[in-house]
Amino acid sequence: KAGSVQIELFENDGKIIVEIVDNGDGVSPDKLKLKQDRFFDIFAIRERVELIGGQLIIESKLTHGTTIRAILPLV
């Protein structure tokens with residue numbers, strides 16, 4: 001239900017950072033910890049990012065949108 005989404009890709013300190021920010025309804029942090037079908041894609045992305053030595057950070061608050069940041073090693 002986001003009205004806008006901002007996607008940024010940049011390099012910082014030898015790392016590639018992909019950041020996706022939306023202004024949607026947000027997600028309860030408790031739900032992000034559960035392996036529900038609705039959030040399974042997030043777990044799949046996290047696994048892939050970590051397999052190449054990266055980190056996935058998800059920040060979300062109900063009614064305040066969500067920020068997903070992938071920090072990847074620059075090889």
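Which side chain meets Arg 69 in a salt bridge, at 2.7 Å from N to O? Here are some notes on that and on what surrounds it; keep in mind that this is a predicted model.

1. The partner is Glu 19: its side chain and that of Arg 69 meet in a salt bridge, with 2.7 Å from N to O. The pair links distant parts of the chain, with Arg 69 in strand β4 (residues 66-73) and Glu 19 in strand β2 (residues 15-22), 50 residues apart. If you want the general idea behind such pairs, side chains of opposite charge can pair when their charged atoms come close.

2. How many salt bridges does the structure hold? There are two. The other to look at is between Glu 59 and Arg 69, whose side chains meet at 3.8 Å, N to O. Glu 59 sits in strand β3 (residues 55-60) and Arg 69 in strand β4, so this pair ties together parts that are ten residues apart in sequence.

3. Put these together and you get one network: Glu 19, Glu 59 and Arg 69 are joined by salt bridges that share partners. Are the two Glu residues buried or exposed, or partly so? Glu 19 has 15% relative accessibility, so it counts as buried, the cut-off being under 20%. Glu 59 has a relative accessible area of 41%, which means it is partly exposed.

4. Now for the strands themselves. β3 and β4 run antiparallel and are joined by six bridges. Glu 59 turns up again here, with Thr 67 as its bridge partner in β4. Five residues lie between the strands of this hairpin, where Thr 63 takes a positive phi near 70 degrees.

5. It's worth looking at β3 from both sides. Its covered face is made of Leu 56, Ile 58 and Ser 60, while Gln 55, Ile 57 and Glu 59 make up the uncovered one. So which class does Ile 57, on that uncovered face, fall into? With 23% relative accessibility, Ile 57 counts as partly exposed.

6. Ile 57, found in strand β3, has several partners further along the chain. Neighbours within four places in sequence aside, Ile 57 is in contact with Thr 67, Ile 68, Arg 69 and Ile 71. Take Thr 67: the two residues are ten apart in sequence, and their C-alpha atoms are 8.0 Å apart in space.

7. Thr 67 deserves a point of its own. This residue lies in strand β4 and is buried, with a relative accessible area of 14%. What does Thr 67 touch, not counting residues up to four places away in sequence? The list is Glu 19, Ile 20, Val 21, Ile 57, Ile 58 and Glu 59. Two of those names, Glu 19 and Glu 59, are also in the salt-bridge network with Arg 69.

8. Over in strand β1 (residues 5-12), have a look at Asn 12. Asn 12 is partly exposed, with a relative accessible area of 44%. Asn 12 and Leu 74 are 62 residues apart in sequence, yet 9.4 Å apart in space, C-alpha to C-alpha.

9. Last, the surface. Which residues make the nonpolar surface patch of about 280 Å²? They are Val 5, Ile 7 and Ile 20. Val 5 lies in strand β1, and its relative accessibility is 52%, so Val 5 counts as exposed, the cut-off being over 50%. Ile 20, another member of the patch, is also among the residues that Thr 67 touches.

Notes:
Residues numbered from 1 in each chain as written. Predicted model: local features only at pLDDT ≥ 70, side-chain atom pairs only at ≥ 80, totals over all residues. Heavy atoms only, no water. Salt bridge = Lys/Arg side-chain N within 4 Å of Asp/Glu carboxyl O. Helix = DSSP H or I, 4+ residues; strand = E, 2+ residues; numbered from the N terminus. Buried < 20%, exposed > 50% of the residue type's maximum accessible area, 1.4 Å probe, protein only. Contact = heavy atoms within 4.5 Å. Pairing = 2+ DSSP bridges. Patch = residues over 30% accessible without salt bridge, like charges linked within 9 Å, V, L, I, M, F, W, Y side chains within 5 Å. Areas by Shrake-Rupley, 256 points an atom, 1.4 Å probe, with all protein chains shown as cover.
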